[in-house]
Amino acid sequence: MRNIKLVLQFDGTAYHGWQMQKNAPTVQETVSGAIERITGSVPQLTGVSRTDAGVHAKSFVCNFKTNASIPSERIPAALNTYLPPDIVCLFAEDAEDSFNARFSAKKKCYTYYILNSKQPDAFLRNYSWHFPYELDISKMKKAAKAFLGKHDFVGFAASGFTVKTTVREIYSLDIEKEGNLVKITVTGDGFLYNMVRIIAGTLAFVGCGKIEPESMAEIIASKDRKRAGVTAEPQGLFLTEVFY
């Protein structure tokens with residue numbers, strides 16, 4: 001039995017996230033269907049994370065086991081024949097039997113895009129959060145420093161999560177602005193449910209003056225979701241890279 005590792009790229013606009021659902025199209029269901037076409041059997045497909053509806057991925061890792069003999073270097077082209085244009089298989093390889101896309105991951109990098117302009121953009125509406133109020137990037141960068149290191153981020157998680165611990169470590173959190181587009185890049189050992197979107201929403205509140213940057217460390221320590229900012233819209237979020 002072979003263990004195949006895939007690296008995917010997808011536009012999540014048309015999908016209700018990664019995780020398979022009964023009455024809604026998902027990325028997992030679509031990819032599983034393509035794998036079945038080339039291997040002849042339904043795969044048990046494991047993804048690195050559950051992405052929400054509308055969230056995108058530039059490098060999403062998943063794995064499945066198969067007895068099919070197709071060489072791994074031919075899998076991307078074969079899968080792309082059956083995948084819709086908004087999902088692309090970039091890479092495939094035979095992995096160690098113990099490899100698990102979710103549990104073998106050491107750290108993940110996400111990027112969040114905010115369109116900071118008075119008017120929306122017809123071409124960026126599915127790939128950014130339109131925030132019409134002026135943002136002070138220097139204040140956002142100052143507040144971002146408080147997230148670095150290991151903290152209990154329960155105050156930055158949406159309800160409904162099921163994890164053993166809410167402690168996570170953030171290795172880097174960078175903020176850049178090019179024209180009207182603000183780019184927030186965060187790398188950590190893992191993230192709670194909606195954690196990156198809540199961080200982005202909180203930093204936006206700092207940038208527009210609703211939260212003082214000096215209070216960010218205390219807000220994190222309070223573990224109180226009500227003290228953080230809003231949950232930013234899903235379409236601005238991209239899973240950028242997974243490290244193993």
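**Entry 1: Thr166 and its surroundings**

I began with Thr166, which counts as buried at a relative accessible area of 14%. I keep in mind throughout that I am reading a predicted model. Thr166 lies in the loop between strand E7 (149-152) and strand E8 (167-178). I then looked up what its side chain meets, and found a polar contact of 2.5 Å joining the side chains of Thr166 and Asp152. Setting aside residues up to four places away in sequence, I listed His151, Asp152, Phe153, Val154, Phe161 and Leu192 as the residues that Thr166 touches.

**Entry 2: Gly155**

I stayed with the loop between E7 and E8, where Gly155 also lies. Gly155 is buried, with 3% relative accessibility. I asked myself which residues Gly155 is in contact with once its neighbours within four places in sequence are left aside. The list I wrote down is Lys223, Asp224, Arg225 and Ala228. For Lys223 I also noted the backbone separation: the C-alpha atoms of Gly155 and Lys223 are 4.1 Å apart, although the two residues stand 68 residues apart along the chain.

**Entry 3: Helix H1**

I next turned to helix H1, which runs over residues 27-39, and found that its 13 residues reach 18 Å from the first C-alpha to the last, close to the 18 Å expected at 1.5 Å a residue. I listed the buried residues of H1 as Val27, Gln28, Val31, Ser32, Ala34, Ile35, Ile38 and Thr39. These residues lie on the same side of H1, because they cover an arc of only 165° around the axis. I recalled the general background here: an α-helix has 3.6 residues a turn, so residues three or four places apart point the same way.

What do the buried residues of H1 pack against? I recorded strand E1 (2-10), strand E3 (56-66), helix H2 (75-82) and strand E4 (87-95). I then checked both ends of the helix. At the N-terminal end Thr26 caps H1, with a side-chain oxygen 3.2 Å from the backbone nitrogen of Glu29, and just after H1, Gly40 takes a positive phi of about 85°.

**Entry 4: Asn3 in strand E1**

I looked up Asn3, which is found in strand E1. Is Asn3 buried or exposed? Its relative accessible area is 2%, so I entered Asn3 as buried. I then searched for polar partners of its side chain, and found that it reaches the backbone oxygen of Glu96 at 2.9 Å and the backbone oxygen of Phe99 at 3.0 Å. Leaving aside neighbours within four places in sequence, the contacts of Asn3 include Asn63, Phe64 and Lys65, and also Asp94, Ala95 and Asp97.

**Entry 5: Salt bridges**

I searched the whole structure for salt bridges and obtained seven, of which I examined a few in detail. In one of them the side chains of Asp52 and Arg197 meet at 2.9 Å, N to O. Asp52 lies in the loop between strand E2 (46-47) and E3, whereas Arg197 lies in helix H4 (residues 195-207), so this pair ties together parts that are 145 residues apart in sequence. I noted that Asp52 is buried at a relative accessible area of 18%, and that Arg197 is buried at 11%.

I then took up the salt bridge between the side chains of Asp97 and Lys65, with N to O at 3.0 Å. Asp97 is in the loop between E4 and strand E5 (107-115) and Lys65 in strand E3, so the pair ties together parts that are 32 residues apart in sequence. Lys65 counts as partly exposed, at 38% relative accessibility.

Another entry on this list is Arg227 with Glu218, whose closest N and O atoms are 2.5 Å apart. Both accessibilities went into my notes: Arg227 is partly exposed at 35%, and Glu218 is partly exposed at 41%.

**Entry 6: The nonpolar core**

I closed with the largest nonpolar core, which has 73 residues, and asked which of them touch the most other members. The residues I wrote down are Leu6, Phe156, Ile184 and Leu203. H4 gives the most to this core, with nine residues. I followed Leu203 further and found that, not counting residues up to four places away in sequence, Leu203 touches Met140, Ala143, Ala144, Phe147, Leu173, Ile175 and Ile184. As background I added that in soluble globular proteins, nonpolar side chains tend to be buried together.

Definitions and conventions. Residues numbered from 1 in each chain as written. Predicted model: local features only at pLDDT ≥ 70, side-chain atom pairs only at ≥ 80, totals over all residues. Heavy atoms only, no water. Helix = DSSP H or I, 4+ residues; strand = E, 2+ residues; numbered from the N terminus. Expected span 1.5 Å × (residues − 1). Buried < 20%, exposed > 50% of the residue type's maximum accessible area, 1.4 Å probe, protein only. Arc of directions from axis to C-beta. Contact = heavy atoms within 4.5 Å. Polar contact = N/O pair within 3.5 Å; in protein donor to acceptor, adjacent residues only side chain to side chain. Salt bridge = Lys/Arg side-chain N within 4 Å of Asp/Glu carboxyl O. Core = buried A, V, L, I, M, F, W, Y, C linked by side-chain atoms within 4.5 Å.
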